[in-house]
Amino acid sequence: MDTSATLRATVAVLMHATGETQKTLAGVLGMAQPGVSRRMRPDGSGCPWTLADLDRLSAHYAIPVVDLIAGPDAALRRLAPERRAATIGGRQTMIAAA
């Protein structure tokens with residue numbers, strides 16, 4: 001699996017574990033939902049993830065970049081328990097920091 005495929009898998013697993021939607025993640029990344037959708041295309045035909053995206057994902061999930069690109073298992077081990085949805089695949093409401 002190449003780095004792009006690994007990152008797509010990692011983001012998909014983190015979204016599932018936290019109950020976040022592409023729309024929520026798009027807000028974190030400062031883009032519209034279709035931008036996330038293009039980055040998540042499994043055939044690689046979409047937009048590539050950028051270094052700025054990695055930095056934002058790292059800050060959002062509080063996971064070091066190296067663990068994001070190491071794959072889903074490494075990222076899930078670093079995901080704080082309080083970030084996990086009560087029901088895997090469930091929805092989590094994001095509240096903006098004051």
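In this predicted model, the largest nonpolar core holds 18 residues. Val-11, Leu-25, Leu-57 and Tyr-61 touch the most other members of that core. Helix 1 (3-18), helix 2 (22-29) and helix 4 are the elements that give two or more residues to the core. Helix 1 gives the most, with five residues.

One core residue, Leu-57, shows how these parts meet. Leaving aside residues up to four places away in sequence, Leu-57 touches Val-11, Leu-25, Leu-29, Trp-49, Ala-62 and Leu-68. Two of these partners, Val-11 and Leu-25, are themselves named among the residues that touch the most other core members.

The core belongs to a helical protein. Six helices are present, and zero strands. Read along the sequence, the pattern is α-α-α-α-α-α. The protein has 98 residues, of which 37% count as buried. Its exposed surface is about 5600 Å². Carbon and sulfur atoms supply 57% of that surface. Contacts across the sequence were also examined. Among contacts between residues at least 6 apart in sequence, 58% join residues at least 24 apart.

Two helix pairs were then considered. Two packed helices are described by the angle between their axes and the distance between the axes. For helix 1 and helix 4, the axes come within 13 Å and cross at roughly 30 degrees. Helix 1 is therefore roughly parallel to helix 4, because an angle under 35 degrees counts as roughly parallel. The crossing of helix 1 past helix 4 is left-handed. On the helix 1 side, the contact is made by Leu-7, Val-11, Leu-14, Met-15 and Thr-18. Helix 4 contributes Leu-54, Leu-57 and Tyr-61.

Helix 2 meets helix 4 in another way. Here the axes lie 9 Å apart, and the packing angle is about 110 degrees. Helix 2 and helix 4 are therefore roughly perpendicular to each other, since angles of 65 to 115 degrees fall in that class. Helix 2 passes helix 4 in a right-handed crossing. Leu-25, Val-28 and Leu-29 make the contact from helix 2. From helix 4 come Asp-53, Arg-56, Leu-57, His-60 and Tyr-61. Leu-57 and Tyr-61 thus appear in the contact with helix 1 and in the contact with helix 2.

Helix 2 also contains Thr-24. Is Thr-24 buried, partly exposed or exposed? Its relative accessibility is 24%, so Thr-24 counts as partly exposed; the buried class ends at 20%. Thr-24 and Val-36 are 12 residues apart along the chain. Their C-alpha atoms are separated by 9.8 Å.

The end of helix 4 leads to Ala-62. This residue lies in the loop between helix 4 (51-61) and helix 5 (65-70). Ala-62 has a positive phi of about 55 degrees, although it is not a glycine. With a relative accessible area of 59%, Ala-62 is exposed, because the exposed class covers values over 50%. Ala-62 still makes contacts. Not counting residues up to four places away in sequence, Ala-62 touches Leu-57 and Arg-78. The C-alpha atoms of Ala-62 and Arg-83 are separated by 9.5 Å. These two residues are 21 residues apart along the chain.

Definitions and conventions
Residues are numbered from 1 along each chain as its sequence is written. This is a predicted model: local features need pLDDT of at least 70, side-chain atom pairs count only at pLDDT 80 or more; totals for chains, interfaces and linings use all residues. Side-chain values use heavy atoms; hydrogens and water are left out. Helices (H or I, at least four residues) and strands (E, at least two) are DSSP runs, numbered from the N terminus. Buried means under 20% relative accessible area, exposed over 50%, partly exposed in between (1.4 Å probe, protein chains only). A nonpolar core is a set of buried Ala, Val, Leu, Ile, Met, Phe, Trp, Tyr and Cys residues joined through side-chain atoms within 4.5 Å. Contact means heavy atoms within 4.5 Å. Accessible areas come from the Shrake-Rupley method with a 1.4 Å probe; for residues, only the protein chains shown count as cover. Axes are lines fitted to C-alpha atoms, for helices over the stretch in contact, and angles run from 0 to 180 degrees between N-to-C directions. Angles under 35 degrees count as roughly parallel, over 145 as roughly antiparallel, 65 to 115 as roughly perpendicular and the rest as oblique. A crossing is left-handed if the near helix is turned anticlockwise from the far one by less than a right angle, and right-handed if clockwise.
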